[in-house]
Amino acid sequence: MLLVLLFFSFFLYLLNTLFPTGTNLKSIITRTDPLNAASLQAGGGRKIATDQSDPASAKTAAAVLSRKQNAVKSKSSEAIAWQKAFEGKQLYDRDAVQTLENSAADITFDEKTILNMGENSLIVIKRLQQDPVYKEKRSFLVLVDGDMRGRLGTGGETSLHLAVGTQAATVRAQGGAKVTEPVDFKLSVNPDKSSTIAVYSGKAEIEAEGKKVIVRENQATVVNLNGQPLEPRTLLPAVVLKSPSVGEEYYYRDLQPKIRFAWEKIPEATEYRLVIARDSLFFDIVTDERLSKNRFSHGNLKKGSYYWKVSAFSESIEGRFSEIRSFKVLQDQNPPRLQVRFPPKTIYSGRYTLRGKTEPGARVYVGGTRVKTTRSGKFKYILKLEPGINVIVVEAVDGVDNVTYRSKKVLSKY
């Protein structure tokens, strides 16, 4: 009996490991109701088509997971367990994508429509459909948790209507042929399940509890759970960066340098967001911090090129990002160049003008005494020699304490 119980316990442990539990996608979509056919309305009261009966269209991919960073998982509508997602994975109707901590993903619907998922976010995809009368594509998805940023481009032969639902609201935006400016917006699900929508360019329609508001460029609104959208308000201005300056370089020998970030304070800001990445598109993020002060120190950045930007928050509403600045962290273990014109082995004088050159910025010491150098690294020093053997030691030290020595024994006869 004991062996049977042990075997049964091991079997349950194995099932839990191979098939972890998670929220059923059908339950997620049902609970977030905004994306069902009855609640999604187009202009003029025309319902958006949500045909589930066409088996051929159901096999058509709605989107592609075009890029991922770190731990990203996916789950089809019929699957039991989450699986490790991979770039290029096609996403079908009611598939889900989840990012974990310090992770991100790009979901591409067409060449002009990309959604950027932040960390700890979960979305459920609805398939892309073509409206034969109005020549429009319509795409739906549910943001269950976390945040995402959407970009809808202009131009092309067709228009695209994108609807994103949360438990609190539905966001609709249009891109493609019928719009003259791109739509750039951010949608966040807050800890209390309210939704925050900020629009950085273009405009978007927000609907909740029977009320619709238009959020235009540089505006935002908040929708509480089971509440109506608040009247849009203006975003905080973009943050002005102070340091590091553009293209600044930080050198180190063994220990990474401490880099101090600073930006101008915005009185109305409740907090700031500092993002540091290895690429200018901010996909390979190394630091994403929410800060109460307008400064931050980082002392663990490995050698390489980095990009950084800062935004300001007013409660849950994130304003525009600052400009993007780049800087480099460089490891230098090479000793500085050092050339010295020593006196001859035997000298019949008690004085000698020592001359030499090192690399710009390096410090020079002669016999432990600091010697002034020019911008190009040249130096000179008047030696006072004692009768007999003199040991002359010249030392060059660069900015990260790499050292080069030169020495010579000189016999002084005077």
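**Briefing: ring pairs, salt bridges and the largest pocket**

Phe327 is buried, because its relative accessible area is 0% and the buried class takes in values under 20%. The model that contains this residue is predicted. Its contacts are presented below together with the salt bridges, the largest pocket and some backbone features. The whole structure holds 14 salt bridges and five aromatic pairs, and the largest pocket encloses about 1,200 Å³ of space.

**Aromatic pairs**

- A pair of aromatic rings is described by the distance of the centres and the angle of the planes.
- The count for this model comes to five aromatic pairs. In one of them, Tyr250 and Phe327, the ring centres are 6.1 Å apart and the planes stand at 90°, so the pair is edge-to-face, given that angles over 60 degrees fall in that class.
- This pair links distant parts of the chain, with Tyr250 in strand β20 (residues 248–252) and Phe327 in strand β27 (residues 325–331), 77 residues apart.
- Tyr250 is also buried, since its relative accessible area is 15%.
- Trp263 and Tyr272 form another edge-to-face aromatic pair, with 5.8 Å from centre to centre and 65° between the planes. Both Trp263 and Tyr272 are buried.
- Tyr250 and Phe327 also belong to a cluster linked by ring pairs, together with Phe261, Tyr306 and Trp308.

**Charges over rings**

- Arg67 places its charged end over the ring of Phe283, at 4.2 Å from the ring centre.
- Arg290 places its charged end over the ring of Phe313, at 3.8 Å from the ring centre.

**Salt bridges**

- Side chains of opposite charge can pair when their charged atoms come close. In this structure the search finds 14 salt bridges.
- One of them joins the side chains of Arg149 and Asp184, with 3.0 Å from N to O. Arg149 lies in strand β10 and Asp184 in strand β13 (residues 183–189), so the bridge ties together parts that are 35 residues apart in sequence.
- Within this pair, Arg149 is partly exposed at a relative accessible area of 22%, whereas Asp184 counts as buried at 16% relative accessibility.
- Arg273 and Asp288 meet in a salt bridge of 2.8 Å, N to O. Arg273 belongs to strand β22 (residues 271–277) and Asp288 to strand β23 (residues 285–291), so this contact ties together parts that are 15 residues apart in sequence.
- Arg273 counts as buried at 17% relative accessibility, while Asp288 counts as partly exposed at 33%.
- A further salt bridge is formed by Arg278 and Asp284, whose closest N and O atoms are 3.4 Å apart. Arg278 is partly exposed at 43% relative accessible area, and Asp284 counts as partly exposed at 23% relative accessibility.
- Shared partners join Lys186, Arg273, Asp288 and Glu318 into one network of salt bridges.

**Largest pocket and strand β10**

- Rolling a probe the size of a water molecule over the atoms shows where empty space is left. In this model, about 1,200 Å³ of space lies in the largest pocket.
- The lining of this pocket comprises 48 residues, of which Gly118, Asp147, Arg273, Ile285 and Asp288 are the closest to the pocket centre. Arg273 and Asp288 are also the partners of the 2.8 Å salt bridge.
- By residue class, the lining divides into 19 nonpolar, 14 polar and 15 charged residues.
- Strand β10 (residues 136–152) supplies the largest share of the lining, six residues.
- Phe140 lies in strand β10 and is buried, with a relative accessible area of 1%. Phe140 and Ala163 are 23 residues apart in sequence, and their C-alpha atoms are 4.8 Å apart in space.

**Backbone features**

- Most residues other than glycine have a negative phi, and most peptide bonds are trans.
- The peptide bond between Ser243 and Pro244 is cis, with omega about 5°. Pro244 lies in the loop between β19 (241–243) and β20.
- Arg94 has a positive phi, near 70°. Arg94 is placed in the loop between β4 (89–91) and β5 (96–99) and counts as partly exposed at 28% relative accessibility.
- Asn218 likewise has a positive phi, near 65°. Asn218 is found in the loop between β16 (211–216) and β17 (219–223) and counts as partly exposed at 24% relative accessibility.

Conventions. Residues numbered from 1 in each chain as written. Predicted model: local features only at pLDDT ≥ 70, side-chain atom pairs only at ≥ 80, totals over all residues. Heavy atoms only, no water. 1 Å grid on protein atoms, 1.4 Å probe; cavity = no way out; pocket = protein on both sides within 12 Å on 5 of 7 lines; lining within 4 Å. Points joined across faces, edges and corners; volume = space filled by probe spheres on them. Helix = DSSP H or I, 4+ residues; strand = E, 2+ residues; numbered from the N terminus. Nonpolar A, V, L, I, M, F, W, Y, C, P; charged D, E, K, R; others polar. Phe/Tyr/Trp six-rings, centres within 6.5 Å; stacked < 30°, edge-to-face > 60°. Buried < 20%, exposed > 50% of the residue type's maximum accessible area, 1.4 Å probe, protein only. Lys NZ or Arg CZ within 6 Å of the ring centre and 35° of its normal. Salt bridge = Lys/Arg side-chain N within 4 Å of Asp/Glu carboxyl O.
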